[in-house]
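Visitor: Could you walk me through this protein model, one question at a time?

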Amino acid sequence: MHFFRLLFSLSLIGGLSGYALAETQADDRAGYAHSVKQKAAMLKLSEDDTWRKLLHYRRDYFSGTGVSSYVDDATFFYAPDGHFNAENELQSTIDAFFISEDLDGQHAQCRFVYRFKWISEQLALDSEKLPAVRCTEYIEWREQVNAHSVSLIFPATALNSPSSMFGHTLLRFDPKDIEGGSDWLSYALNFGANINNDDNSISFAFRGLAGGYPGVYNMMRYFEKIKEYNRMENRDIWEYKLNYTPEEVDLILTHVWELKNINFDYYFFDENCAFRLLELLELVRPEVNLTERFKLDAIPTNTVRAVVDEGLVESTYFRPSELAELHARIESLPKDIQRLGKALSNDIDVMNTPEFEALNQAQKGEVVQIAYSYLRYIQLQTQRDEAMAKRSYQLLLALNKLSSKKVVVDRPDAPETGHKTITAGVSVGERNDEVFQQINYRVTYHDLLDNQKGYLRGAQIILFNTELRHYNNDGLKLNRFDLVDITSLSKRNLFLTPLSWKVQVGYERVYSRNEEVGVVQLNGGAGHSYELSDNVELFGLLTGRIEHNKQFNSILEPAIGVETGLLYYSPIGTQKVDFSGSQFLNDDYRMRAGFTQNFNLGVNHAVRVSLAQEWHNDDDFYDISIGYRYYF
């Protein structure tokens, strides 16, 4: 009994001593934390550029502190006013580093590793006076990613895909010494909007422009992104390996961990995929100037150009899409081989026909290869078809006994070598004996006649195009305003039969019933486009138009029509000859024939000459002009 009393007494004394020791340690830690916070305030650490970038602060003249964070997620901040107050956020973050509880992997030392590392270095924190925390989840994630280098990835625009109109950018993290350049072990970091699939097009556009969608980062294996862009969306991919050191790559990933599940408001034009990646690249290279260039818009092509201009690119690799490879294979074969291949893709018994048997081994290989490549492309675009899958397998078996030449896709000019996306110009001309001067300004991006270098041929994407025209006898007029003007001319051939289309909405001045008036109109069309030779493309569209015109009796007058044209891409620039006509339901009609030549004076300079003749009921008139265009 005495023994147990003695043991109880010793335990009680030990417990009280341990409690007292813990209390003493807590007091010491609190005192040390207080001194650390005082030192941080004295050094004005919250005004340091790195701290501002770690918290994604920007100048904000409407904020009482002069800054606010791009981050729109309360879990990213420790201070209640951390979104606006860099000093309070720094002080609260230091407090969080000294919390003793483990917090199940959510301790500030584990959740915000870059902040902890940077503050520790700046204030020379004594690790013995900090709570010991093991960040198991973070360590496992870093071992899994295991990155040594980083590349900027640009999936380019695809014809017939409005959602890809400006391209896209993401980062790829590669491990060290990947065998043969294999990217199977690489990870892709993507920033994108969490879109509600139930939203209609109008809601999608409005919410995208107004920041109605949350944007988040996510990591996945890079081959999944290749499958998505190269194979499913038919987009060429440009890969820019950056000259960041392994230490810098390590820091980027450390911050990427901090951004896990953190929401930003996503805006299509500025705070988008491209802008968020530039922030990461700037964070570890403070000397580079990237985000300051994109205060109003961050079109991915321009952000790639900025990264190249800053000297951050070590090498460039072009990865053509499945569609580009199929086009290259089709164009490399004679017409008779193409026809036989197309027939074989529909009927495997074509291999037993006299026409096929008469071919030599190499020709048989090409026929089977083009049939197999075509079926593979179709299978990627559609739901699984058992009969097609069976034919595809039979063709693959046949290919094992034959051989075909490897298709080579010519590498186009890189996107960043093309013209810049804002356009301004001046021109002079004459319209029915009236001389005019004109200025035009286009917010973005590219039309069919602009210098084709670095852009996808046949794609036109124009937003906010404005033309102001001054007549010597009639003063200044708004001649045209295109809110949206998109054209997609996708060439057809024996295998591929895509639809070409256009849509345009805006204001324009037109002759109507003996008077020039301003009208608001929406028009569109669909049809076919054919490549007559390497540099000549012919297109024809059936069109429809709805017009609000004060000369008409109805508020909205519909019309149907046609539009056809020929584009010639010459070394000096692009020529276009076109004809269009519209017949309104009220019996009014309009027809127009035109010729336009764009002379490329340089990547960002051009002269454009335009001649047109128009017919409107009993009127006809001409319009000629010559002007200079500057891209910036």
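Guide: Short questions and answers follow, on a predicted model.

Visitor: At which residues does UniProt place the domain DUF7843?
Guide: The name comes from an unreviewed UniProt entry. The span is 41% helix and 8% strand, and its end C-alpha atoms lie 11 Å apart. UniProt places the domain at residues 44-122.

Visitor: Which cysteines form a disulfide?
Guide: A disulfide is a covalent bond between the sulfur atoms of two cysteines. The cut-off for a pair of sulfur atoms is within 2.5 Å. One pair has its sulfur atoms 2.0 Å apart, and a search of the whole structure finds one disulfide. The pair is C110 and C135.

Visitor: How many residues apart in sequence are the parts that this pair ties together?
Guide: C110 lies in helix 4, residues 108-111. C135 lies in the loop between helix 5 (113-123) and helix 6 (136-145). The pair therefore ties together parts that are 25 residues apart in sequence.

Visitor: Is the link of C110 and C135 left-handed or right-handed?
Guide: Look at the angle about the S-S bond. The angle is -80 degrees, and the link is left-handed.

Visitor: Is C135 buried or exposed?
Guide: Buried means under 20% relative accessible area. C110, its partner in the disulfide, has 2% and is buried. C135 has a relative accessible area of 14%, so C135 is buried.

Visitor: Why do the buried residues of helix 6 line one face of the helix?
Guide: An α-helix has 3.6 residues a turn, so residues three or four places apart point the same way. In helix 6 the buried residues are Y138, W141, R142 and V145. Seen down the axis of helix 6, these residues line one face because they fall within an arc of 95 degrees.

Visitor: Which exposed residues does the face of helix 6 turned away from its buried side carry?
Guide: Exposed means over 50% relative accessible area. On the face turned away from the buried side of helix 6, the exposed residues are E140 and E143.

Visitor: How much space lies in the second largest cavity?
Guide: Rolling a probe the size of a water molecule over the atoms shows where empty space is left. The structure holds three cavities of 30 Å³ or more. The second largest has about 90 Å³ of space.

Visitor: Which residues lie nearest the centre of the second largest cavity?
Guide: Strand 12 (459-471) and strand 13 (475-488) each give two or more residues to the lining. The lining residues divide into eight nonpolar, six polar and no charged. Of the 14 lining residues, those nearest the centre are A158, N160, I461, I486 and S488.

Terms used: Residues are numbered from 1 along each chain as its sequence is written. This is a predicted model: local features need pLDDT of at least 70, side-chain atom pairs count only at pLDDT 80 or more; totals for chains, interfaces and linings use all residues. Side-chain values use heavy atoms; hydrogens and water are left out. UniProt positions are given in the numbering used here, feature names are shortened, and annotations may be inferred rather than shown by experiment. Helices (H or I, at least four residues) and strands (E, at least two) are DSSP runs, numbered from the N terminus. On a 1 Å grid over the protein atoms alone, a cavity is a set of points where a 1.4 Å probe fits but cannot get out, and a pocket is an open set with protein on both sides within 12 Å along at least five of seven lines; lining residues have an atom within 4 Å of a point. Grid points are joined across faces, edges and corners, and a volume is the space filled by probe spheres set on the points. Ala, Val, Leu, Ile, Met, Phe, Trp, Tyr, Cys and Pro count as nonpolar, Asp, Glu, Lys and Arg as charged, and the others, Gly among them, as polar. Buried means under 20% relative accessible area, exposed over 50%, partly exposed in between (1.4 Å probe, protein chains only). The arc is that of the directions from the helix axis to the C-beta atoms.
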